[in-house]
Amino acid sequence: MSEVRLRSHLDSRSRSILMLLLQSEMPLTASDIASRLSMTPRTVRYRLRVAEKWLQSRGARLVAKPGWGTLIDAPRQTKKRLIRELSGLTGYAPLLSRTERLHVLTLYLLTSNLPLLAQQMACELSVSRSTVLKDLDSVAKWLRKYDLSLVRRPNFGFTVSGREKDFQEAIVNLLLESIGEAFLLPSCTGSKATQSALTWSNAGIQHYARAFLDNLDLRHSRLLVALAATDIDMRFTDRAYIVTVLHLAILMQRARQGRHLDVSPEFIEQVKKRQEFLVAKKVAERVKDYTGVSLTESDVAYIAMRFLGAERAQGVGTTAGKKAENEGIAPEVPTIVRTILERVSFSLHPCLLVDQELIHNLVADLTWLLEHLRYDMPIRNPLLMNIRRQYPRIYQVAWESCTFLGDRLRKPVPMEVVGYITMHLAAAMERLRVPRRANRRVLIVCHAGIATASLLESRIQAEFPQVEIVGVVSASEVEKSPDLSEIDAIISTVPVEVRDLPTIVVNPLLNDESIAKLRAFLSKEDAPIASRKQAVLYKTNEPSLPHLLTADTIRLKIPVHSWPEVVSRAGKLLLDIGAIEASYIQAMKDMILQYGPYMVAWPGIALLHALPENGVKQVCMSLVTLREPVAFGHPNHDPVDIAIALGAVDNYSHLKALGQLQQLLETQEAVDKIHNAVDVYQVVDLISNSFFNE
């Protein structure tokens, strides 16, 4: 009797929460659980009471502490038994939120071979007919994003009309949006580590989506994509692998139903010139051998397009040996990256222009992003809104730097592309923090692309300098990683399970909650933890240009004969006020010797700098004008008669002053006044009057 009562009260959401907690080795907060299961924290806290009673009746205990989270206290074998029991519970329909209901309705409409009646859908979802009709208005709006139309005919029902290409794009994106990559990862990649760490439940949208996925031949699709990857000699990111496997499986299923793609002959001719088209033809031949279904030339071109636009997995964290990875890159891509960095470097930090890791990563990501834009393929960036919120200044700078790219492509640059560029820039800015000695070895597992992995690696390194990151791999590759015995822990963006290695799942952007979790995780073995809070990139109390360029840090009409003398004189002003060590002056010279005269940022103006760890004590700036112009070797901007030396200590505190400097020097009238000044207070007054109220 008690068992019947408990089972009736254990609704689908409570069961989903239990499944998640049973598979977690770390405590999870209500916000953690809510974000993973598409619930509100309030709903989670309420359902935890139900879950607690169910656990107590089975000899397990729910442990919860404020600021720590919730954990199920039970032996591993007991947890496995409870997971099996939960997996076998049936007999009730999943409880759907409105968002989940919209996802289910959309999935039904996109995949049904027959028109659907409102009453039919109402009965299936246990809601009223009027509720379904209201929901269908929202579904129609969602479909329009993919150029699809919701058609209603009296006494006939609802159907969706549009191009087959748009149908398939919509289905894949609906699955990604509703279920998420974490749940799709085991099915699409076949990774044992993720299969053991994340179990499907029948709750919510997953119940309906799994029924659809079970009818797809994901296993064969996965095999075909793996063979194609070998033929093309490329490694997909986990995210790209998921998308490519889904697209191929859905294409095969719909081809069996007689639904083929219809792309223009011009597009086919364009794609035929690429190696990926030959690989797609081999895939089509294997599909015919396996299913007996012949794919059209349009289908083949579409498969080739998916391969062309797939995001490549590449190593991050080191630039050694990456020259080979960039072979075959279109000449325009490095040029585009150079133009972007020329624009952003003087708003964020001049060192970005010569950051080889940043350059490599941007070239790699823009290669596949530009392929998407060329072939009008949708670009997905699931972290976009969080990126804009967490890095507003960097996002704005990235947006402004991409205006030329839109003109070049003759189409607007999507926000998703700007988001990826922002992630790379934010990662590079994080790397500017002064490194400290590491004493913990961790492996990062990131299911997303190189931008996400690079940013996560840089954030972890900056927040936890005691951690040595030995590598970054995808979830499907974690089992193949060498020397796992030398690793102390795994930090992952999706649930993975590797025997004898502690694992923690964090937000890909490493938000404050993930930082707190990671700090507690690393503290388990008394590792020293960085006490300082992450620097916020958009602080308002940064020193302004009038605070840095004063009578003590400005000298006019100085006599020099060479660029090293210019660096020495500008650097000595900073040394005299105690803002830098003497080593920083030599470091600025070494940067020019190593990378050339890129510091000559404007005609006749040089912005001198080195890295923060080269001896900067506090954010600082000096300005000198020269009695006679000096050549630095720049082909366009020589000779130099104004030089500014910049010293930054981190990734944010110099941004306000640097932005004001750029604003000042973009005005020719201001440059002329500086050039012609004979008294330092003429320059001091100019700067003060320009930025007094900022």
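**Ser347, helix H18 and strand E10 in the predicted model**

Ser347 lies in the loop between helices H18 and H19, in a model that is predicted. With a relative accessibility of 17%, Ser347 counts as buried, since the cut-off for that class is under 20%. Once its neighbours within four places in sequence are left aside, the residues in contact with Ser347 are Val397, Leu655, Leu658 and Gln662. With Gln662 there is also a polar contact, in which the side chain of Ser347 and the side chain of Gln662 are 2.8 Å apart.

Helix H18, on one side of this loop, comprises residues 332–344, and because each residue should add 1.5 Å, its 13 residues are expected to span 18 Å, in agreement with the 19 Å that separates its end C-alpha atoms. Within H18, the residues that are buried are Val333, Ile336, Val337, Ile340, Leu341 and Val344. These residues lie on the same side of H18, because the arc that they cover around the axis is only 130°. Such a pattern can be read against the general geometry of the α-helix, in which there are 3.6 residues a turn, so that residues three or four places apart point the same way. The buried residues of H18 pack against four partners, namely helix H19 (356–374), helix H21 (392–401), helix H22 (403–409) and helix H23 (415–431).

A further buried element is strand E10, which runs over residues 605–608 and in which Ile605 and Leu607 point one way while Ala606 and Leu608 point the other way, with all of these residues buried. Strand E10 pairs in the parallel sense with strand E12 (residues 640–647), and the pairing extends over four bridges. Within this pairing, Ala643 of E12 is the bridge partner of Ala606.

Among the cysteines, Cys446 counts as buried because its relative accessibility is 4%, and Cys620 likewise counts as buried because its relative accessibility is 2%. The number of disulfides in the model is zero, where the criterion applied is a pair of cysteine sulfur atoms within 2.5 Å.

Considered as a whole, the protein chain contains 31 helices and 12 strands. Of its 694 residues, 56% are buried. When contacts with a separation of 6 or more are considered, 75% of those in the protein chain are accounted for by residues 24 or more positions apart.

Conventions:
Residues numbered from 1 in each chain as written. Predicted model: local features only at pLDDT ≥ 70, side-chain atom pairs only at ≥ 80, totals over all residues. Heavy atoms only, no water. Buried < 20%, exposed > 50% of the residue type's maximum accessible area, 1.4 Å probe, protein only. Helix = DSSP H or I, 4+ residues; strand = E, 2+ residues; numbered from the N terminus. Pairing = 2+ DSSP bridges. Expected span 1.5 Å × (residues − 1). Arc of directions from axis to C-beta. Contact = heavy atoms within 4.5 Å. Polar contact = N/O pair within 3.5 Å; in protein donor to acceptor, adjacent residues only side chain to side chain.
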